[in-house]
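Visitor: I should like to take a close look at a single part of this model and at the elements around it. Please treat it as one connected account.

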Amino acid sequence: MELELSSSVRLIRNHQLTQHVDYAYAAVADAPVRSVWVAGACPLDLDGATVAVGDYAGQAHQVMRNLVTALEGAGASLTDVVKTTVYVASSQQRDLGTAWQVYREYMGEHDVPSTLLGVTVLGYKDQLVEVEAVAVLPSARS
C-alpha cells in the first residue's frame, strides 16, 4: 500500500543512528497545524465484538481499518500521522512482529516514529492488538 506523504509532516532519519529500522526516528510538523489525538484503535466490529479471536494478524487488520476510520472522522488520514504506539498482548516477539508487519502494510512509505510494545493484557475480551496515533493537519479542514 503506497501512500502520498503529507506536506505538513516531515520525517527525520538521523544517519548517526542505525538505518536498519523500518521507521523514522522523529517527525516534525511545522505550525500552524491542527493536532488530532486518536484513542487506541481496537479490533472491534460495529457491534462491539472482538474480531479474529486468537489471530494477531487478523486483529491488526481490523485495528488498522478502525484507525483509518477514526482518522477520517477527524478529517485526517494515515499520512497525517506523526507518532503511533502499537500494543500487542504477548510476551513473544514473533507475535509483536506479526502485528507490526500488518501495521507496516497500512503505513506504507509513511514510516513515522512508533513504539511497539508487548503487554500483559488489553482492555477488551480476547483483544490482542491496539494502535494509538497522533496526527497533525496543516489547518482546520471542513
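How many residues does H2 have, and how far does it reach from its first C-alpha to its last?

Guide: This is a predicted model, in which local features need pLDDT of at least 70 and side-chain atom pairs count only at pLDDT 80 or more, whereas totals for chains, interfaces and linings use all residues. Residues are numbered from 1 along each chain as its sequence is written, and side-chain values use heavy atoms, with hydrogens and water left out.

H2 has 15 residues and reaches 20 Å from its first C-alpha to its last, close to the 21 Å expected at 1.5 Å a residue. The expected span is 1.5 Å times one less than the number of residues. Helices (H or I, at least four residues) and strands (E, at least two) are DSSP runs, numbered from the N terminus. After H2 comes Gly108, with a positive phi near 55°.

The buried residues of H2 are Asp95, Leu96, Ala99, Trp100, Val102, Tyr103, Arg104, Tyr106 and Met107; buried means under 20% relative accessible area, exposed over 50% and partly exposed in between, with a 1.4 Å probe and protein chains only. An α-helix has 3.6 residues a turn, so residues three or four places apart point the same way. H1, S4, S5 and S6 are what the buried residues of H2 pack against, where contact means heavy atoms within 4.5 Å.

The sheet behind these contacts is open and has four strands in the order S3-S6-S4-S5, with mixed pairing. Two strands pair if DSSP finds at least two bridges between them. S3 and S5 (114-119) are the edge strands, each pairing on one side only. From one strand to the next, the twist averages 10°. S4 and S6 run antiparallel and are joined by seven bridges; among the partners, Tyr87 is bridged to Glu130 in S6. H2 packs on this sheet, touching S4, S5 and S6, and its direction makes about 150° with that of S4. Such angles run from 0 to 180 degrees between N-to-C directions, the axes being lines fitted to C-alpha atoms, for helices over the stretch in contact.

H1 (56-73) also lies on the sheet: H1 crosses S3, S4 and S6, running at about 25° to S6. H1 has 18 residues and spans 26 Å between its first and last C-alpha, close to the 26 Å expected. Its buried residues include Tyr56, Gln59, Val63, Leu67 and Leu71. The cover over the buried residues of H1 includes S3 (34-41), S4, H2 and S6 (129-137), so that H2 belongs to the surroundings of H1. At the start of H1, a side-chain oxygen of Asp55 comes to within 3.2 Å of the backbone nitrogen of Ala57; a polar contact is a pair of N or O atoms within 3.5 Å, where within protein one must be able to donate a hydrogen and the other to accept it, and residues adjacent in sequence count only if both atoms are side-chain atoms.

H2 also takes part in an aromatic cluster, in which ring pairs link Tyr23, Tyr25, Trp100 and Tyr103. Rings of Phe, Tyr and Trp (its six-membered ring) pair if their centres lie within 6.5 Å; planes under 30 degrees apart count as stacked, over 60 as edge-to-face and the rest as tilted. By this rule there are three aromatic pairs. Tyr23 and Tyr25 form an edge-to-face pair, because their ring centres are 5.9 Å apart and their planes stand at 75°. The pair of Tyr23 and Trp100 is edge-to-face as well, with centres 6.5 Å apart and planes at 90°. Because Tyr23 lies in the loop between S1 (10-12) and S2 (26-28) and Trp100 in H2 (residues 93-107), this pair ties together parts that are 77 residues apart in sequence. Trp100 is buried, with a relative accessible area of 11%. Tyr23 is partly exposed at 27%, and Tyr25 is partly exposed at 29%.
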